[in-house]
Amino acid sequence: MAIKNSNHTHLKVKDHSVSGEEFELILNSEYGFLQTTPRPSSDKLPSYYQSEDYISHTDSKRNLFEKVYHLVRTISLKKKLNLIDSFPSGDKKLLDIGCGTGDFLQTAQQNGWIVSGIEPNGQARQIANKKTNNSVFETEQLLKFSEDSFDVITLWHVLEHLPNLEEHVSIFKKLLKPNGRLIIAVPNYKSYDANHYKQFWAAYDVPRHLWHFNQDSISKLVSKESFKVEKVKPMWFDSFYVSMLSEKYKSGNMNPIKGFWIGLVSNLKALASKEASSLIYVIENS
């Protein structure tokens, strides 16, 4: 099914990480998300990930920023484990899409889960397989799993990278067991920090992020496959990380104090608005 766009340009945003190219964010009239335009071809898209600063593809700790990132990730891993452990799941079979270097899968595996992962980046996949006894596969494996295989499918900041949204949601529907859970974590372009930084908001991350979601757009997208959003949870750490990186894009300086302050303000406002910088959607296969 083709995704329909309106002609409304929400923002013009620069790729600050790799190419320096400018892209438009076009409002989607059917779902309400924003779409990165023009979208790079499937052949060219991998080149936009060719950066030593693409931190999810490495385990490097070269500077204070990366060390803090990994410390926060350790805390987040425990929270993610607690979340999936809260669901009733007979076989405890987990599929993590875009698993990066495999830390979440390793944590789940060490706590009784039978894990599988999908990771298109060869370097990250190699690292992940060392941590998970070779449980991580290339993208093609997604179509080889049996139907009704998994109790939980997770996408931690991955859905925004997938080129064929509706097709992928349909695949997740087939792979999940009845009453299984689909967990999607994505940035929220309705957050305070997104509105504050506008075209400098780091979580737009064009063109690697092909889509930019709000709560309504996620609900509309998954309802096409009779999924139901069960609850929405904030990711409090993300506002600080994103705001500090946004400061760098805006002024050329990381400015951690100002970035921390904007991240804090964003979180405080989200207590009332429920519009945190990033959101976790717990989606039931009803």
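This report walks through some local features of a predicted model, from its cavities to a few backbone details.

## Two cavities

Let's start with the empty space inside. Rolling a probe the size of a water molecule over the atoms shows where empty space is left. In this structure, 2 cavities of 30 Å³ or more turn up. The largest cavity holds about 50 Å³ of space, and the second largest has a volume of about 40 Å³.

What lines the largest cavity? One stretch of its lining is made up of V13, K14, D15, H16 and S17. W201, A202, D205, V206, R208 and Y249 complete the list. Sorted by class, this lining has 5 nonpolar, 2 polar and 4 charged residues. The second largest cavity is lined by P187, N188, Y189, W201, A203, H209, W211, H212 and F213. Its lining has 6 nonpolar and 3 polar residues, with no charged ones. If you follow W201 in the structure, you will find it in the lining of the largest cavity and also in that of the second largest.

## D15, a buried residue in a loop

One residue of the largest cavity's lining, D15, is worth a visit of its own. D15 is found in the loop between β1 (5-14) and β2. Is D15 buried or exposed? Its relative accessibility is 1%, so D15 counts as buried, the cut-off for buried being under 20%.

The side chain of D15 makes polar contacts with the backbone of its own loop region. It reaches the backbone nitrogen of S17 at 3.1 Å and the backbone nitrogen of V18 at 3.3 Å. Leaving aside residues up to four places away in sequence, D15 touches G20, E21, F23, Y48, V206, P207 and R208. Two of these partners, V206 and R208, also help to line the largest cavity.

## E22, an exposed residue in a strand

Now move along to E22, which has its place in strand β2 (residues 22-28). With a relative accessibility of 56%, E22 counts as exposed, because exposed means over 50%.

Which residues does E22 touch, not counting those up to four places away in sequence? They are K12, V13 and K14. Another residue to look for is T9, which is 13 residues from E22 along the chain. The C-alpha atoms of E22 and T9 are separated by 13 Å.

## The two sides of helix α3

Helix α3 covers residues 122-132, and its buried residues are A124, R125, A128, N129, K131 and T132. Why do they lie on the same side of α3? They cover an arc of only 160° around the axis, which puts them on the same side. An α-helix has 3.6 residues a turn, so residues three or four places apart point the same way. On the other side of α3, Q126 and K130 are exposed. The buried residues pack against α2 (103-109) and β6 (136-137).

Both ends of this helix have a detail to look at. At the start of α3, a side-chain oxygen of N121 comes to within 3.2 Å of the backbone nitrogen of Q123. Just after α3, N133 has a positive phi of about 55°.

## Cis peptide bonds

Where can you find cis peptide bonds? One joins T37 and P38, with omega at about -5°. P38 has its place in the loop between β3 (34-37) and α1 (64-85).

Another cis peptide bond joins V206 and P207, again with omega at about -5°. P207 lies in the loop between α5 (192-197) and β9 (211-212). Both V206 and P207 are among the residues that D15 touches, and V206 is part of the lining of the largest cavity.

## Asparagines with positive phi

N179 is not a glycine, yet it has a positive phi of about 65°. It lies in strand β8 (residues 176-187). N179 has a relative accessible area of 48% and is partly exposed.

N255 is not a glycine either, and its phi is positive at about 45°. N255 belongs to the loop between α7 (236-251) and α8 (256-273). With a relative accessible area of 29%, N255 is partly exposed.

Notes: Residues are numbered from 1 along each chain as its sequence is written. This is a predicted model: local features need pLDDT of at least 70, side-chain atom pairs count only at pLDDT 80 or more; totals for chains, interfaces and linings use all residues. Side-chain values use heavy atoms; hydrogens and water are left out. On a 1 Å grid over the protein atoms alone, a cavity is a set of points where a 1.4 Å probe fits but cannot get out, and a pocket is an open set with protein on both sides within 12 Å along at least five of seven lines; lining residues have an atom within 4 Å of a point. Grid points are joined across faces, edges and corners, and a volume is the space filled by probe spheres set on the points. Ala, Val, Leu, Ile, Met, Phe, Trp, Tyr, Cys and Pro count as nonpolar, Asp, Glu, Lys and Arg as charged, and the others, Gly among them, as polar. Buried means under 20% relative accessible area, exposed over 50%, partly exposed in between (1.4 Å probe, protein chains only). Helices (H or I, at least four residues) and strands (E, at least two) are DSSP runs, numbered from the N terminus. The arc is that of the directions from the helix axis to the C-beta atoms. Contact means heavy atoms within 4.5 Å. A polar contact is a pair of N or O atoms within 3.5 Å; within protein, one must be able to donate a hydrogen and the other to accept it, and residues adjacent in sequence count only if both atoms are side-chain atoms.
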